[in-house]
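Visitor: Hi, I'm new to this one. Can you walk me through what we have here?
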Amino acid sequence: MRKLGSIESFDAFVLGIAGGADVNSTWKGYPLVQFIFRELMHIHELKNDQHKTLLKKYQALVMAGADVTTIVYGSPGDYDNFFDLSRYIVLRLKLLSILLSSRQAKALILQDRWYSGALRELQTELRTLSNQLDEMESVE
Amino acid sequence: MKKLGAIKDLDAFRASLASDIDVNQTWCGRPVIEYYFTECMRYINRYRNDANCFLQFSMLIEAEADVFPLFQTVYAEYGLKNLMEILYLELEILIITLSGMKKIPDIAFPFAKERMRLKSEVEAWIQNIILTDEKYNE
C-alpha cells in the first residue's frame with residue numbers, strides 16, 4: 001500500500017484512509033500529521049489550491065484519529081507546534097485590531113464586499129474556536 | 001528632521017508624531033504606514049526580532065495616517081488581504097488541531113494554561129471584530 005504522504009490528490013488520499021492506510025504513518029522522518037501541520041505553518045501567503053488541499057488532508061487525518069500529540073508538545077527547539085500556532089494567531093489578531101481602530105480602515109472595509117465578508121468569516125471562526133475551547137474546559 | 005521609518009527609539013518616534021511631521025510620508029519608496037505594517041507581519045513570521053513595530057504602527061494609526069495603501073499594496077504577502085486570509089487559515093488549523101486534542105487522554109498543563117489565555121484573547125477579539133454593532137457604525 002502506498003504511504004499516505006506520497007499521495008498528492010485529495011480524493012485518493014481520502015480513499016487511502018478509507019482503505020485502511022495507517023493515519024499515524026511517518027513521512028520524511030515525521031509523523032505525517034505533524035509533517036502536514038509544519039507545511040501549513042510555513043504558509044505565509046495563500047496562493048493556490050495546493051494550500052487548501054493541504055488543509056483538507058490535515059483535517060481528514062485528524063478526523064480519522066491521527067495522534068496529534070507531537071503537534072501539541074512539539075520537539076525541543078521546534079517552533080512548529082500548537083503553542084507557536086497560538087502565538088501566530090494572537091499576534092495577527094493584535095495587528096488587525098490595531099488597524100480596526102482606524103475609522104478610515106473601518107469605512108474602507110465596510111465599502112468593500114471582500115473585506116467585510118472576510119471580517120465576518122473571521123468572526124464566525126473565532127466564535128467556533130471560543131465554543132471549542134469551552135468544550136475542552138469541561139473535559140479537562 | 002529624521003524620517004519616521006528611520007526612528008527606532010519609541011520616545012523619539014512619539015515626539016516626532018507630536019510635532020508637525022507628515023504621517024503619510026514615505027520610507028524605502030513606500031508609505032511609512034505600509035512599512036510598519038510589513039515590519040509587524042515580518043515579526044509575526046519570525047523574520048525580525050523587534051516587537052516595537054506594533055507600537056509604532058499603533059501610534060501612526062492614532063495619528064490618523066492614511067491606511068488606504070494597506071488595501072492595495074503590491075507586496076501581497078504583507079498586505080491586509082493576506083493577513084486576513086492567513087489568519088483564517090490558522091484559525092482553521094487550530095480548530096482542527098483542538099478537535100484532535102480532545103482525544104488525548106491526559107492533556108493537561110501547560111495546555112490548560114494556554115487554553116485559558118487563548119480563550120480570553122479570542123473573547124476580546126470577537127468583541128473587537130464585530131461589524132454590525134453600534135460601535136462599528138458610528
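Guide: A word on terms to begin. Helices (at least four residues) and strands (at least two) are DSSP runs, numbered from the N terminus. Also, this is a predicted model.

Visitor: Fine. What makes up the secondary structure of chain B?
Guide: Chain B has six helices and two strands. Along the sequence, the pattern is α-β-β-α-α-α-α-α.

Visitor: And what does chain A have in helices and strands?
Guide: Seven helices and two strands. From the N terminus on, chain A runs α-β-β-α-α-α-α-α-α.

Visitor: What box do the C-alpha atoms of chain A fill?
Guide: Roughly 55 × 35 × 30 Å, taken along the principal axes.

Visitor: How much of each chain is buried?
Guide: In chain B, 32% of the 138 residues count as buried. In chain A, buried residues make up 29% of the 140.

Visitor: What about contacts between residues far along the sequence? Start with chain B.
Guide: Take the contacts in chain B between residues at least 6 apart in sequence. Of these, 49% join residues at least 24 apart. For chain A, residues 24 or more positions apart account for 46% of the contacts with a separation of 6 or more.

Visitor: New topic. How many residues does each chain put into the contact?
Guide: Chain B gives 54 residues and chain A gives 57. On the chain B side, α2 (32-44), α3 (52-62), α4 (68-71), α5 and α6 (111-128) each supply at least two residues.

Visitor: Which of them gives the most?
Guide: That is α5(B), with 21 residues. By class, the side of chain B that touches chain A has 35 nonpolar, seven polar and twelve charged residues.

Visitor: How many residues are in the largest nonpolar core?
Guide: It has 61 residues. V33(A) and Y36(B) have the most contacts inside this core. Its largest share, ten residues, comes from α5(B). Domain 1 (4-70) and domain 2 (108-138) of chain B each add at least three residues to this core.

Visitor: Why would nonpolar side chains be buried together?
Guide: As a general tendency, that is what they do in soluble globular proteins.

Visitor: What does V33(A) touch?
Guide: Not counting residues up to four places away in sequence, V33(A) touches L61(A), V62(A), A66(A), V68(A) and I71(A).

Visitor: Which residues of α3(A) are buried?
Guide: They include K57(A), Y58(A), A60(A), L61(A) and V62(A). What covers the buried residues of α3(A) includes α1 (10-18) and α2 (32-41) of chain A, together with α5 (80-101) of chain B.

Visitor: Why should helix α3 of chain A span 21 Å?
Guide: Because it has 15 residues, 49-63, at 1.5 Å a residue. The expected span is 1.5 Å times one less than the number of residues. The end C-alpha atoms are 21 Å apart, which agrees.

Visitor: What comes just after α3(A)?
Guide: G65(A) is there, with a positive phi of about 95°.

Visitor: Last one. Where is F10(A) found?
Guide: In helix α1 of chain A. Leaving aside neighbours within four places in sequence, F10(A) is in contact with T53(A), K56(A) and K57(A).

Visitor: Why is F10(A) called partly exposed?
Guide: Because F10(A) has 16 other C-beta atoms within 10 Å. A buried residue needs 20 or more, and an exposed one has 12 or fewer.

Visitor: How far is F10(A) from R120(A)?
Guide: Their C-alpha atoms are separated by 28 Å. Along the chain, F10(A) and R120(A) are 110 residues apart.

Note on methods. Residues numbered from 1 in each chain as written. Chains lettered and ligands numbered in written order. Predicted model: local features only at pLDDT ≥ 70, side-chain atom pairs only at ≥ 80, totals over all residues. Contact = placed C-beta atoms within 7 Å. Nonpolar A, V, L, I, M, F, W, Y, C, P; charged D, E, K, R; others polar. Core = buried A, V, L, I, M, F, W, Y, C linked by C-beta atoms within 7 Å. Domains from an automatic or database assignment.
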